[in-house]
Amino acid sequence: MAHKSNVELLVEKGIITKDQLNKAKEEVNKTGLPIEKALEKLGFISELDIAQVVADSIGVPFMNLTDYLIDPEVIKLVPESLAKKCWTVPLFKIGDSLTVAMLDPLDVTAIDEIRAKTKMGSVDPVLSTQGMIQNVLDQYYGSVGSVKDLTLELTQEKLDQKIKNAKGLNEVSEEAPVIKLVNMIIMEAVKDKASDIHVEPEEEMVRVRYRIDGILHETQQIMAKMDIAETRNPQDGRIQLKMENKDLDLRVSSFPTVYGENIVLRILDKTSVILGLGDLGLVEKDLKDFDKIIQRPNGIILVTGPTGSGKTTTLYSALSTVNSMEKNIITIEDPVEYEIPLIRQTQVNAKAGLTFATGLRSILRQDPDIIMVGEIRDKETAEIAIQASLTGHLVFSTLHTNDAASSLTRLIDMGVEPFLISTSVIAILAQRLVRVICPYCKEKYSPSSEVIKDLDLDSKITFYRGKGCVKCKQTGFIGRKGIFEFLLINEEIKNMVVAKSSASEIKKNALAHGMRTLFDDGLEKAKNGITTIEEVLRVSEET
């Protein structure tokens with residue numbers, strides 16, 4: 001790693017000019033600084049520039065540790081003394097292999113020492129900067145226990161002292177224990193596969209809850225009387241973080257309450273694998289019909305259900321299925337949750353005047369084949385979507401209705417002409433998410449006699465539930481699957497829409513043509529041991 005070669009690379013890559021190099025050499029003569037430090041002092045390069053050039057020259061990946069989250073269990077693998085001595089921090093572990101960030105990835109002695117201490121099969125070094133490694137050392141070492149342990153560093157007396165000494169609230173939030181606590185809360189939420197983190201201030205404490213598989217679970221009660229900030233208005237923001245091989249997008253929403261700011265963080269894992277259609281949970285017949293309908297050249301396909309029912313996952317699965325080099329697919333979403341190669345995705349921005357309606361108008365000028373509109377919220381968006389479908393585009397969108405048939409009457413209620421709905425909407429998929437029984441503690445059981453009687457079930461059918469174990473955190477469930485109601489629009493239903501028939505009449509016709517209700521689909525999944533009867537009743541709202 002000779003200085004000369006690194007400097008030559010900086011010039012070669014156009015990061016510095018020869019004139020800047022000459023000025024840096026003058027600085028070296030004056031101060032005796034190494035050439036790279038002289039370039040840095042003069043503001044010609046940053047520590048990051050040098051690290052990236054060094055990484056290229058030695059053939060080792062460079063890792064930017066800014067906003068990088070590390071599992072405390074991984075941190076524990078390398079003792080603080082060894083980390084500081086070798087200028088290294090462990091990043092993540094896959095099987096018997098540990099990836100570490102180092103200031104000098106060619107230090108074979110240090111790598112051997114880390115391997116011996118951690119008892120890992122292999123240690124894979126990546127390069128990072130001194131500043132970044134120091135930051136990680138400051139944030140993670142000294143407290144790598146649980147959230148509970150960390151809150152002991154933040155007693156009310158200590159917090160009051162910090163507030164008293166700080167010049168402003170930002171300075172309080174930058175205190176290492178606070179950063180560690182926030183990092184650890186996010187880390188634990190990601191490990192528990194939570195979709196949301198709720199931080200809720202109350203009179204005597206702050207409650208932290210994680211939403212896992214659709215249900216909120218309390219994890220901690222921390223930090224008494226933390227009324228250190230007052231904000232009058234609700235606010236929204238976004239944070240991007242890295243954890244192991246995940247790219248996380250946190251959507252932050254704050255809301256003022258009588259005891260302080262209520263904060264909800266929605267966790268979006270942008271590196272999540274998008275499910276194939278076959279993994280959603282559709283029964284074979286509905287899967288074949290849905291797969292066939294999304295190959296159509298035009299028409300509107302609606303996915304419907306309440307917030308958190310998995311509509312976005314279904315839409316992304318459908319788009320990924322039809323995605324190809326021959327098709328131009330454009331979306332407008334709120335927000336963009338996952339990025340799909342080849343697909344042009346944009347996000348609504350009300351402040352900039354980009355709504356679903358205005359965005360959809362612009363998309364139509366981009367020569368699309370397939371369009372996805374995050375949600376039809378008003379008559380204007382509905383009519384533009386219908387116009388798009390009638391002019392040869394396939395349109396995917398969502399509505400917030402309880403079942404498939406209600407989507408047709410909802411569009412009429414918005415003020416859309418019934419004949420336009422009947423000629424454009426080709427299929428509606430209503431859905432909910434049910435929790436899947438934990439495979440590690442699955443056991444046979446009999447539902448209560450009331451449930452069997454109310455649902456007219458055969459008492460001889462074997463049903464299953466999760467007893468509760470360490471793997472499922474005593475809940476009896478791990479993960480979720482969809483239950484569905486798939487309505488294909490036939491000629492009779494088209495005529496019923498034009499005649500403004502009720503949702504119940506349309507549903508009756510669909511059932512006569514073989515449609516399964518959400519409850520019937522859920523009941524079948526309960527009989528197959530995928531979920532429980534109680535879970536189906538909870539989400540389908542049928543008794």
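This is a chat about the sheets, helix packing and aromatic pairs of a predicted model.

Biologist: Let's start with the seven-strand sheet, what order do its strands come in?

Modeller: In this predicted model the order is E13-E12-E14-E15-E11-E16-E19, and the sheet is open, with mixed pairing. Strand E13 (344-347) and E19 stand at the edges, and because each has a single partner strand, one side of each is left without a neighbour in the sheet. On average, neighbouring strands of this sheet are turned by 20° against each other, with direction ignored.

Biologist: And how many bridges join E16 to E19?

Modeller: There are 10 bridges between E16 and E19, and the two strands run antiparallel. If you want a place to look, valine 434 has lysine 481 in E19 as its bridge partner.

Biologist: Which strands of that sheet does H22 touch?

Modeller: H22 packs on the sheet with contacts to E16 and E19, and its direction makes about 140° with that of E19.

Biologist: Is H22 mostly covered or mostly open?

Modeller: Helix H22, which spans residues 518-527, is mostly covered, with seven of its 10 residues buried. Those buried residues are Leu518, Phe519, Asp521, Gly522, Leu523, Lys525 and Ala526, so you will find Asp521 and Lys525 on the list by the cut-off used here, which is under 20% relative accessible area. What covers them includes strand E16 (425-437), strand E18 (463-466), strand E19 (477-488) and helix H23 (533-540).

Biologist: What does glycine 529 do just after H22?

Modeller: Glycine 529 takes a positive phi there, of about 80°.

Biologist: Switching topic, at what angle do H20 and H21 pack?

Modeller: Helix H20 (residues 491-498) and helix H21 (residues 503-512) pack at about 175°, and their axes are 10 Å apart. That angle is why H20 counts as roughly antiparallel to H21. On the H20 side the contact is made by Glu492, Ile493, Met496 and Val497, while H21 contributes Glu505, Ile506, Asn509 and Ala510.

Biologist: What's the mix of classes in that contact?

Modeller: The contact of H20 with H21 has five nonpolar residues, one polar and two charged.

Biologist: How many aromatic pairs are there?

Modeller: The count comes to two aromatic pairs. One of them is phenylalanine 290 with phenylalanine 486, an edge-to-face pair at 5.7 Å centre to centre, with 85° between the planes. This pair links distant parts of the chain, since phenylalanine 290 sits in helix H13 (residues 284-293) and phenylalanine 486 in strand E19, 196 residues apart. Phenylalanine 290 and phenylalanine 486 are both buried.

Biologist: And why is the pair of tyrosine 316 and tyrosine 338 called edge-to-face?

Modeller: Because the ring centres of tyrosine 316 and tyrosine 338 are 5.7 Å apart and their planes stand at 75°, the pair is edge-to-face. Tyrosine 316 belongs to helix H14 (residues 311-322), whereas tyrosine 338 lies in the loop between strand E12 (329-333) and E13, 22 residues apart. Both of these tyrosines, 316 and 338, are buried.

Biologist: Last one, which strands make up the three-strand sheet?

Modeller: That open sheet has the order E2-E3-E4, with mixed pairing, and its twist averages 25° from one strand to the next. Strand E3 (residues 97-102) pairs with E4 in the parallel sense over six bridges, and threonine 99 stands opposite aspartate 124 in E4. Helix H7 (residues 108-118) packs on this sheet, touching E2, E3 and E4, and its direction makes about 135° with that of E4.

Methods: Residues are numbered from 1 along each chain as its sequence is written. This is a predicted model: local features need pLDDT of at least 70, side-chain atom pairs count only at pLDDT 80 or more; totals for chains, interfaces and linings use all residues. Side-chain values use heavy atoms; hydrogens and water are left out. Two strands pair if DSSP finds at least two bridges between them. Helices (H or I, at least four residues) and strands (E, at least two) are DSSP runs, numbered from the N terminus. Axes are lines fitted to C-alpha atoms, for helices over the stretch in contact, and angles run from 0 to 180 degrees between N-to-C directions. Contact means heavy atoms within 4.5 Å. Buried means under 20% relative accessible area, exposed over 50%, partly exposed in between (1.4 Å probe, protein chains only). Angles under 35 degrees count as roughly parallel, over 145 as roughly antiparallel, 65 to 115 as roughly perpendicular and the rest as oblique. Ala, Val, Leu, Ile, Met, Phe, Trp, Tyr, Cys and Pro count as nonpolar, Asp, Glu, Lys and Arg as charged, and the others, Gly among them, as polar. Rings of Phe, Tyr and Trp (its six-membered ring) pair if their centres lie within 6.5 Å; planes under 30 degrees apart count as stacked, over 60 as edge-to-face and the rest as tilted.
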